[in-house]
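Trainee: Hi! Could you walk me through this chain while I have it open? I'd like to start with how the helices get their labels.

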Amino acid sequence: MLRNLVRLHSRLGHALSPPTVCPRGQVLKLLPLISVNSKSYSIVTERKKFYEDVSISHGEGGMFEINLDRRKLKTPGGKLFTAPNEALAIAVANEWDTQKDTLKFYSMHMTTLCNTALDNPTFRSKDQMITAALKYLETDTICYRVEEPPSLVELQNNEWDPVLNWIEDRYNVVIGSSTSILGPEIPQATMDTFRQHLGSYNLWSLTGLEYVITQLKSVVLAFALIDKHITVEQAVLLSRLEAEFQIGHWGNVEWAHDVDLYELRSRTAAGALFVHFSSECSTVKRNLMQD
């Protein structure tokens with residue numbers, strides 16, 4: 001599969017090159033506000049930086065807190081911002097420390113995921129989160145196949161089938177694919193197996209995994225990524241296979257495609273790291289933010 005992906009990258013090289021028209025920071029994105037004072041979720045894209053130093057301190061119950069100068073970071077819901085381990089706290093602190101004169105909230109994916117885990121703004125239970133994630137299996141990206149053109153049919157079979165075969169073998173399930181608009185009929189046994197698997201994650205890890213699933217529109221690709229069967233770059237390319245195929249034939253839309261591609265990679269990578277960091281129990285033995 002990797003050889004085929006490299007070949008696809010070569011064919012679509014012009015579409016995967018870095019953007020040259022519009023810098024990433026100039027693209028407007030709307031994501032939940034991350035602030036130290038906000039009492040409710042609101043939509044803000046940027047804010048002038050209001051602190052100089054970022055540090056981490058130990059909180060109650062083995063949690064870690066983020067400090068902006070001498071102020072403790074809070075969630076948009078007004079809760080004290082805490083991370084369950086040092087690895088995740090360092091990742092969040094790094095997002096705040098690398099901001100320049102203007103805080104670009106839309107680029108702070110780890111912070112946003114932590115806020116979601118802490119505030120649970122939609123008031124969902126773990127079972128509800130699992131059910132929402134499994135709904136993507138019914139419309140999974142790599143389960144929907146085209147009947148034409150032949151070249152795209154072949155590309156989908158060559159690139160998607162190995163991942164589909166892997167997950168069926170890995171979890172001893174049946175998923176299949178279909179050219180019908182209704183998609184394949186997923187056996188109840190498969191749904192039960194994945195529900196049990198998702199139930200093994202803690203709430204923080206599940207928050208990250210659901211985020212990856214929504215980015216890729218695929219449970220199969222998300223599981224393959226978290227299990228390290230494929231890389232972030234491969235997962236994103238496979239999730240956009242048809243779009244990349246069309247761009248290869250009809251051309252790119254100036255810089256827009258490049259920005260979308262790299263933003264999706266960034267969000268997917270952050271989600272995958274969040275899952276692994278949320279499962280981390282050890283302490284990172286180094287001083288934070290030291291040059």
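Mentor: Happy to. Helices here are DSSP runs of H or I with at least four residues, numbered from the N terminus. With that labelling, D97 falls in helix α2, which covers residues 86-97. Keep in mind that this is a predicted model.

Trainee: Is D97 buried or exposed?

Mentor: In between: D97 is partly exposed, at a relative accessible area of 34%. Its C-alpha is 8.4 Å from the C-alpha of E52, and the two are 45 residues apart in sequence.

Trainee: Okay, zooming out. How many helices and strands are in the chain?

Mentor: The chain has 11 helices and 6 strands. Of its 291 residues, 46% are buried. The exposed surface comes to about 14,600 Å², with 52% of it from carbon and sulfur atoms.

Trainee: And what share of the contacts is between residues 24 or more positions apart?

Mentor: Counting contacts with a separation of 6 or more, 67% are between residues 24 or more positions apart.

Trainee: Before I get attached to any of this, what is the mean pLDDT?

Mentor: The chain averages 83, and 78% of its residues reach 70 or more. Among the elements, α8 has the highest mean, 98, while helix α1 (residues 2-11) has the lowest, 46.

Trainee: Where is the pLDDT below 50?

Mentor: One such stretch is residues 2-42, which nevertheless has 103 contacts in the model beyond near neighbours in sequence. Residues 282-291 also stay under 50, and there the model has 14 contacts beyond four places in sequence.

Trainee: Good to know. Now the core: which residues have the most contacts inside the largest one?

Mentor: That nonpolar core has 48 residues, and I167, I175, F194 and L209 have the most contacts inside it. Elements giving two or more residues to it include α4 (126-138), α5 (150-171), α7 (203-216) and α11 (256-278). The biggest contribution is from α5, with 9 residues.

Trainee: Is there another core apart from that one? I mean, which residues would be in it?

Mentor: There is another, lying apart, with 25 residues; L68, A83, L118 and Y211 are among them. As background, nonpolar side chains in soluble globular proteins tend to be buried together.

Trainee: Back to I167. What is it in contact with?

Mentor: Setting aside neighbours within four places in sequence, I167 contacts N172, V173, I175, F194, V220 and F223.

Trainee: I see two phenylalanines there. How are the rings of F194 and F223 arranged?

Mentor: They form an edge-to-face pair, 5.2 Å centre to centre with 85° between the planes. F194 belongs to helix α6 (residues 188-199) and F223 to helix α8 (residues 219-226), so this pair ties together parts that are 29 residues apart in sequence. F194 has a relative accessible area of 0%, and F223 is at 1%, so both sit under the 20% cut-off for buried.

Trainee: How many aromatic pairs does the structure hold?

Mentor: The structure holds 6 aromatic pairs. Ring pairs also link F50, Y51 and W96 into a cluster.

Trainee: What sits over the ring of Y171?

Mentor: The charged end of R170 does, 4.6 Å from the ring centre.

Trainee: Switching to backbone checks. Which residues does the cis peptide bond join?

Mentor: The cis bond joins E148 and P149, with omega about 0°. P149 is in the loop between α4 and α5. For context, most peptide bonds are trans, and most residues other than glycine have a negative phi.

Trainee: What about N172, then: is its phi positive or negative?

Mentor: Positive, near 55°. N172 lies in the loop between α5 and α6 and is exposed, at 69% relative accessibility. K217 also has a positive phi, near 55°. K217 is in the loop between α7 and α8, and its relative accessible area of 42% makes it partly exposed.

Trainee: Last one, S278. Which residues does it touch?

Mentor: Leaving out residues up to four places away in sequence, S278 touches N85, L88, N202, W204 and S205. S278 lies in helix α11 and is buried, at 6% relative accessibility.

Conventions: Residues numbered from 1 in each chain as written. Predicted model: local features only at pLDDT ≥ 70, side-chain atom pairs only at ≥ 80, totals over all residues. Heavy atoms only, no water. Phe/Tyr/Trp six-rings, centres within 6.5 Å; stacked < 30°, edge-to-face > 60°. Buried < 20%, exposed > 50% of the residue type's maximum accessible area, 1.4 Å probe, protein only. Lys NZ or Arg CZ within 6 Å of the ring centre and 35° of its normal. Core = buried A, V, L, I, M, F, W, Y, C linked by side-chain atoms within 4.5 Å. Contact = heavy atoms within 4.5 Å. pLDDT = per-residue confidence, 0-100. Areas by Shrake-Rupley, 256 points an atom, 1.4 Å probe, with all protein chains shown as cover.
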